[in-house]
Amino acid sequence: LVDLRVAIVFTLAFSLIVLYLSMGNASLAAYGVLGSLAGALIVGRGERLNAFLWAGVVIALVNFLVIIAFWAPFAGGATAAPMQMLVVAVLNGGISASIALIGYFVLGNIFDVTTPLQLTELSRPTHPLLRQLLLKASGTYHHTIIVSNMAERAAAAIGADALLVRVGAYYHDI
């Protein structure tokens with residue numbers, strides 16, 4: 001919701017808290033930090049809904065690998081344990097992605113943060129306001145598209161939020 005660096009810092013801080021509360025259980029801390037980092041890296045800025053789905057899949061895979069890495073050296077030939085671990089990892093990945101998506105929308109609304117998903121919704125050509133602009137003032141609509149393309153490239157060149165600039169340009173004449 002805010003920034004990838006902030007997510008990494010919070011993840012590392014959370015893992016230290018987990019490490020402390022679990023009385024030095026490194027496997028639990030590794031499980032939490034590696035899955036969380038993988039999810040944060042996949043979601044990125046959260047510009048697409050499918051990023052949350054892929055984050056859940058990657059979290060499940062990373063969690064399963066962490067469980068296997070800590071469990072395999074001590075395996076006594078049990079065959080049911082890896083399947084149970086896989087189920088737990090998949091559930092954790094799905095629940096994590098779901099909570100992240102819900103939190104993304106709820107916290108974005110509570111703190112009045114305009115999210116990339118909201119900007120993407122505003123930028124779709126079938127949005128009622130843009131549709132009216134196209135139907136009632138097609139020259140202005142064409143001008144808006146050209147301005148948005150130029151503004152987006154300029155924003156990207158200076159490191160500004162290109163999507164925000166594009167959407168702002170779409171609505172600048174309205």
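Which residues form a nonpolar patch on the surface?

## Nonpolar surface patch

In this predicted model, the nonpolar patch on the surface is formed by Leu1, Val2, Val6, Phe10, Ile102, Val106, Leu107, Ile110, Phe111 and Val113, and their accessible area together is about 960 Å². Two elements, α1 and α4, each give two or more residues to this patch. The largest share, four residues, comes from α4.

Leu107, one of the patch residues, is located in helix α4. Its relative accessibility is 38%. Leu107 is therefore classed as partly exposed, because this value falls between the 20% limit for buried residues and the 50% limit for exposed residues.

## Thr11 in helix α1

Helix α1 spans residues 4-21 and includes Thr11. Is Thr11 buried or exposed? Thr11 has a relative accessible area of 11% and is therefore buried, because the cut-off for that class is under 20%.

A polar atom of the Thr11 side chain lies 2.7 Å from the backbone oxygen of Ala7. When residues up to four places away in sequence are not counted, Thr11 touches Val33, Ser36 and Leu37.

## Ser148 in helix α7

Ser148 belongs to helix α7, which covers residues 138-158. The relative accessibility of Ser148 is 0%, so the residue counts as buried.

Which residues are in contact with Ser148, leaving aside its neighbours within four places in sequence? The contacts of Ser148 on that basis are Arg166, Ala169 and Tyr170.

## Loop residues with positive phi

Most residues other than glycine have a negative phi. Against that background, two loop positions may be described.

Met23 is not a glycine, yet its phi is positive, at about 55 degrees. Met23 is placed in the loop between α1 and α2, the latter comprising residues 26-43. With a relative accessibility of 78%, Met23 counts as exposed, because the value is over 50%.

Asp112 is likewise a residue other than glycine with a positive phi, in this case near 55 degrees. The loop that holds Asp112 runs between α4 (80-110) and α5 (116-123). Its relative accessible area of 69% is over 50%, and Asp112 is therefore exposed.

## Summary of positions

- Thr11 is buried at 11% relative accessible area.
- Ser148 is buried at 0% relative accessibility.
- Leu107 is partly exposed at 38% relative accessibility.
- Met23 is exposed at 78% relative accessibility.
- Asp112 is exposed at 69% relative accessible area.

Definitions and conventions: Residues numbered from 1 in each chain as written. Predicted model: local features only at pLDDT ≥ 70, side-chain atom pairs only at ≥ 80, totals over all residues. Heavy atoms only, no water. Buried < 20%, exposed > 50% of the residue type's maximum accessible area, 1.4 Å probe, protein only. Polar contact = N/O pair within 3.5 Å; in protein donor to acceptor, adjacent residues only side chain to side chain. Contact = heavy atoms within 4.5 Å. Patch = residues over 30% accessible without salt bridge, like charges linked within 9 Å, V, L, I, M, F, W, Y side chains within 5 Å. Areas by Shrake-Rupley, 256 points an atom, 1.4 Å probe, with all protein chains shown as cover. Salt bridge = Lys/Arg side-chain N within 4 Å of Asp/Glu carboxyl O.
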